[in-house]
Amino acid sequence: MQISINPAEKIEGQIRVPGDKSISHRALLFSSLADDTIEVEGLLKSADTLSTMNCLRKLGVEFEEEGEKIKVKGKGLRGLKEPDDVLNAGNSGTTARLLTGLLAGQPFYSTLTGDVSLRKRPMKRISAPLQQMGAAISGRQNSELLPLSIRGYDLLPIHYTLPLPSAQVKSALLIATLYSRGISEIIDYYNTRDHTERMLQYLGAGIEKKGKYHIVMKGPSRLKGDRIRIPGDISSAAFFIVAATLAQRGELYIENVGINPSRAGILEVLGAMGADIRILNKKEYNFEPVADLLVKGGAKLKGTEIAGEMVPRLIDEIPVLAVAALFAEGDTVIRGAAELRVKESDRLKTISLELRKMGAGIKELPDGLIIEGNAKLSGARCESHGDHRIAMALATAALFAESESVINGSEAVEISFPGFFELMNSLVS
Ligand code: S3P
C-alpha cells in the first residue's frame, strides 16, 4: 500500500494515542500467568500485540473482549498447555523474546517462529542465558535465529550482567526466574525500560531493585491482580510531538501518555533542543507514571548530541528525532545506537537512505547518525522497508517537505499504530 502526504503548516487538536506497546505485551503475558482473571484497560490492539495474544491462545489462555476492556483468564504459573502447532511471533521482537523466557520454564515442547524480518534478528542474546538457566533451546546458527525449539525445565536462578542494552533480554530472564528456585540477580548498567520490573512488582512478585542497576528476584513467584491500565505509548506520541513542534503554528494536547523515565528521553532531548512541551496532570497507573502533554508549534530548534545513557531511553524514537534534527539550527550527532541496526529494519541505514531521497544531509556512522540542520526537504517517493517506525518518521518528515511525498509500504504502521494516517490527517491544515 502507498500513501500520499501533503505539506502542512498547522497542527492543532486534542488526541489520545494507542496503548503502550511494551506495556501491552507484558500485560497480556503476565495476566495469562496470574492466579486470577485480570481486566486490561487501554490495551494496544495492533499486529504486534495480536501476535502475543495468538501465541498465548495456543498455550491455552482465553481472552474475553468487553468493549474497550479485555479480560485475561489467568492460568496460574503452571497452567499453560503444550501448543499443537508452531507459535508465530509475526514481526514482534518483544513477543519472540519474552515468550522464549516463558517457554523456557514450561515442562513441554514448543517451537517459535516469526516473519521474514524477525527471522533475521538476533536471538542468541536470550537463548544463551536461558540455556544457562537449564532450558533446552535450539535454533538455526547455534540458536541465534528463529525458529527456536524450546523444551523447558524447572530452571536454575541466574546472576547475569546484561552485555547489551536490551529490555527484552532482561525481561526474558525475569520471566524465566518465575519458574526457577532461588534468587536471581540481573545487572542492567544501561537502565533499559523497566516495565517488566514495575508490573511484576504490581502483581506481587518477589522482585526488588537494589541501587541503580541491580534487580533481585526470587523464584518461583506467583502473580495476583485484578486490573491493569495501559497508558498511551510515548513512542507513538513521538511522531505527533515532533510534528506539532515543527509546525509553524498550532497547539497539540495529547492525553494519558506514559512518561516512565526509562522511556521519556525524547521529552528531555526535544526540550533541550528548544521545543515547547509541557507535562501536565501527572498521575500513575499500576506503578507507571502517566501525564498529558501540551506541545506548541513554531519552535526554533538547535542541533544536539545524543549519546551514552540517554540512548536506551529514546532508542525507538531516533528515526523521528532525526527528522526533528533536520529542521534545527546546526548539526546533530547521535552515537551509541548500534542496536538500531537489529530492529525491524536496520534503522540507521533505512532512515538515512529514505530521508536523503527528500534532500536531507544525513550520514550514517557505525553506531549512529550525523544530521545536518536547516534542511529544505523536497517531496519524494519513499519506502517504509516494512518498518512501522520508519513509515511514521517519513510521514512526519513529509509534512514539512515543499511538495507532496509518497510512502510505499505504509501498511507497516499496523504493527504498532493502526489509524496513524487518519489521526495525522485530522490534525493538519
Ligand atoms: C522493547 C525493548 C526494546 C525496544 C522495543 C521494545 C520492549 O528492544 O526497542 O521496541 O518492549 O522490551 P530491545 O530489548 O531489543 O532493546
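## Two domains, a ligand site and some backbone details

Between domain 1 and domain 2 of this predicted model, 15 residue pairs are in polar contact, counting pairs in which both residues reach pLDDT 80 or more. On the side of domain 1 that touches domain 2, strand β17 (288-296) and helix α12 (388-398) each supply at least two residues. The residues of that side of domain 1 divide into 11 nonpolar, 6 polar and 9 charged.

The two domains that meet here are cut from the protein chain in an interleaved way: domain 1 takes residues 2-19 together with 231-427, and domain 2 takes residues 21-229. Their C-alpha centres lie 28 Å apart, and the contact between them involves 26 residues of domain 1 and 29 residues of domain 2. The area buried between domain 1 and domain 2 comes to about 2,400 Å², with carbon and sulfur atoms giving 51% of it. Within domain 1, the residues that lose the most area to domain 2 are Asn286, Phe287 and Ile415, which together account for 25% of what that side buries.

Charged pairs also cross this boundary, and the count of salt bridges between domain 1 and domain 2 is 3. As for an individual salt bridge, Arg121 pairs with Glu344, and the closest N and O atoms of these two residues are 3.9 Å apart; because the criterion for a salt bridge is a nitrogen-to-oxygen distance within 4 Å, this pair is counted.

Attention can now turn to the ligand. Which residues surround the ligand? The surrounding residues are Ser22, Arg26, Thr94, Arg97, Pro165, Ser166, Ala167, Gln168, Arg193, Ile315, Asp316 and Lys343. For Ser22, a polar side-chain atom lies 2.7 Å from an oxygen atom of the ligand, and for Arg26 a polar side-chain atom lies 2.6 Å from an oxygen atom of the ligand. With Ala167, by contrast, the backbone supplies the polar atom, which is 3.1 Å from an oxygen atom of the ligand.

Ala167 also opens the range of helix α6 (residues 167-177), and that helix holds Lys170, a partner in a salt bridge that links distant parts of the chain. The side chain of Lys170 meets that of Asp188, at 3.1 Å from N to O. Asp188 sits in the loop between β11 and α7, and the two partners are 18 residues apart. Over the whole structure, a search finds 28 salt bridges.

The loop between β11 (182-187) and α7 (195-202) contains Asn191 as well, and the backbone of Asn191 deserves a separate look, since its phi is near 50°, a positive value in a residue other than glycine.

Two further backbone details concern prolines. The peptide bond leading from Leu146 to Pro147 is cis, with omega near -5°, and Pro147 has its place in strand β9 (residues 145-151). A cis peptide bond also joins Gly219 and Pro220, where omega is about -10°. Whereas Pro147 belongs to a strand, Pro220 lies in the loop between β13 (214-219) and β14 (227-229).

Definitions and conventions
Residues are numbered from 1 along each chain as its sequence is written. This is a predicted model: local features need pLDDT of at least 70, side-chain atom pairs count only at pLDDT 80 or more; totals for chains, interfaces and linings use all residues. Side-chain values use heavy atoms; hydrogens and water are left out. Domain bounds come from an automatic or database domain assignment. Contact means heavy atoms within 4.5 Å. Buried area is the accessible area (1.4 Å probe) that two parts lose on being put together, summed over both. A polar contact is a pair of N or O atoms within 3.5 Å; within protein, one must be able to donate a hydrogen and the other to accept it, and residues adjacent in sequence count only if both atoms are side-chain atoms. Helices (H or I, at least four residues) and strands (E, at least two) are DSSP runs, numbered from the N terminus. Ala, Val, Leu, Ile, Met, Phe, Trp, Tyr, Cys and Pro count as nonpolar, Asp, Glu, Lys and Arg as charged, and the others, Gly among them, as polar. A residue is near a molecule or strand if one of its heavy atoms lies within 4 Å of it.
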